[in-house]
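Visitor: I would like to learn how to read a protein model feature by feature. Could you take me through one?
Guide: Gladly; let us put it on the screen and begin.

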Amino acid sequence: MSLTIRQLEPADADVFERALAIYREAIALSEQRPEEEIRTLLGRRDYVVLAAEQEGEVVGFAISHVPLAEDFWLFEYVATTPAERGRGAGAALVQQATRLAGEGRVGLVEADADTGHDPVARKRLRFYARL
């Protein structure tokens with residue numbers, strides 16, 4: 001089973017809809033952008049929207065803000081389907097986003113602090129630290 005990661009364009013509406021379904025399920029509602037705002041990102045040159053596909057199914061997505069005239073980029077979201085978690089798709093999405101951001105840029109990731117009370121936040125921080 002080969003994982004394919006590609007950058008989505010405005011013409012990729014069907015794939016984007018399937019990625020959006022993962023976004024709605026995996027990202028806490030309090031952390032989600034308004035859906036209409038997310039939809040506009042495909043047409044922006046300063047955003048990279050990636051989809052991970054396996055055997056014709058969308059199994060993950062990532063969104064990064066890559067300001068055109070800056071020396072940094074912001075990794076905003078990554079999520080996979082529940083069945084794909086822990087199998088490498090999320091890491092592959094982060095790695096592809098890093099490559100597309102370009103060499104010489106500082107990558108920023110916003111993540112919750114580990115307060116010791118949230119096992120999901122702890123797992124997320126270990127994921128980013130490993131990468």
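**Reading the model, from a loop to the core**

Guide: Let us start with a loop: Glu55 sits in the loop between β2 and β3. Please keep in mind that this is a predicted model.

Visitor: What is the phi of Glu55?
Guide: First the general idea: most residues other than glycine have a negative phi. Glu55 is not a glycine, yet its phi is positive, about 50°.

Visitor: Is Glu55 buried or exposed?
Guide: Glu55 counts as exposed because its relative accessibility is 63%, and the cut-off for exposed is over 50%.

Visitor: Now the whole chain, please. In what order do the helices and strands come?
Guide: Starting at the N terminus, the order is β-α-α-β-β-β-α-β-α. That comes to 4 helices and 5 strands. The chain has 131 residues, and 40% of them count as buried.

Visitor: How much surface does the chain expose?
Guide: About 7,700 Å², with carbon and sulfur atoms supplying 51% of it. As for contacts with a separation of 6 or more, 56% of them are between residues 24 or more positions apart.

Visitor: How should I read a nonpolar core?
Guide: The general idea is that in soluble globular proteins, nonpolar side chains tend to be buried together. In this chain the largest nonpolar core has 19 residues, and Ile38, Phe61 and Ile63 have the most contacts inside it. Two or more residues each come from α1 (13-26), β2 (47-54), β3 (57-65) and β4 (72-80). Helix α1 gives the largest share of this core, 6 residues. Another core, of 13 residues, lies apart from it and includes Val66, Phe75, Val78 and Ala101.

Visitor: Which residues does Ile38 contact, leaving aside its neighbours within four places in sequence?
Guide: Ile38 is in contact with Phe16, Leu20, Tyr23, Arg33, Ile63 and Tyr77.

Visitor: Tyr23 is on that list. Where does Tyr23 lie?
Guide: Tyr23 is part of helix α1. Tyr23 counts as buried because its relative accessible area is 3%, and the cut-off is under 20%. Not counting residues up to four places away in sequence, Tyr23 touches Glu31, Gln32, Arg33, Ile38, Phe61 and Tyr77. From Tyr23 to Glu35, 12 residues on in sequence, the C-alpha to C-alpha distance is 9.9 Å.

Visitor: What about Ala21, buried or exposed?
Guide: Somewhere in between: Ala21 counts as partly exposed because its relative accessibility is 38%. Ala21 also belongs to helix α1. Ala21 and Gly60 are 39 residues apart in sequence, with their C-alpha atoms 9.9 Å apart in space.

Visitor: How do we look for empty space inside a model?
Guide: Rolling a probe the size of a water molecule over the atoms shows where empty space is left. Searching the whole structure gives 1 cavity of 30 Å³ or more. The largest cavity holds about 40 Å³ of space.

Visitor: Which residues line the largest cavity?
Guide: Its lining is made of Phe16, Ala19, Leu20, Tyr23, Ile38, Val49, Phe61 and Ile63. At least two residues of the lining come from each of α1 and β3, and α1 supplies the largest share, 4 residues.

Visitor: How many of the lining residues are nonpolar, polar or charged?
Guide: By class, 8 are nonpolar, none are polar and none are charged. To tie this to our earlier stops, Tyr23 and Ile38 are among the residues lining the largest cavity.

Conventions:
Residues numbered from 1 in each chain as written. Predicted model: local features only at pLDDT ≥ 70, side-chain atom pairs only at ≥ 80, totals over all residues. Heavy atoms only, no water. Buried < 20%, exposed > 50% of the residue type's maximum accessible area, 1.4 Å probe, protein only. Contact = heavy atoms within 4.5 Å. Areas by Shrake-Rupley, 256 points an atom, 1.4 Å probe, with all protein chains shown as cover. Core = buried A, V, L, I, M, F, W, Y, C linked by side-chain atoms within 4.5 Å. 1 Å grid on protein atoms, 1.4 Å probe; cavity = no way out; pocket = protein on both sides within 12 Å on 5 of 7 lines; lining within 4 Å. Points joined across faces, edges and corners; volume = space filled by probe spheres on them. Nonpolar A, V, L, I, M, F, W, Y, C, P; charged D, E, K, R; others polar.
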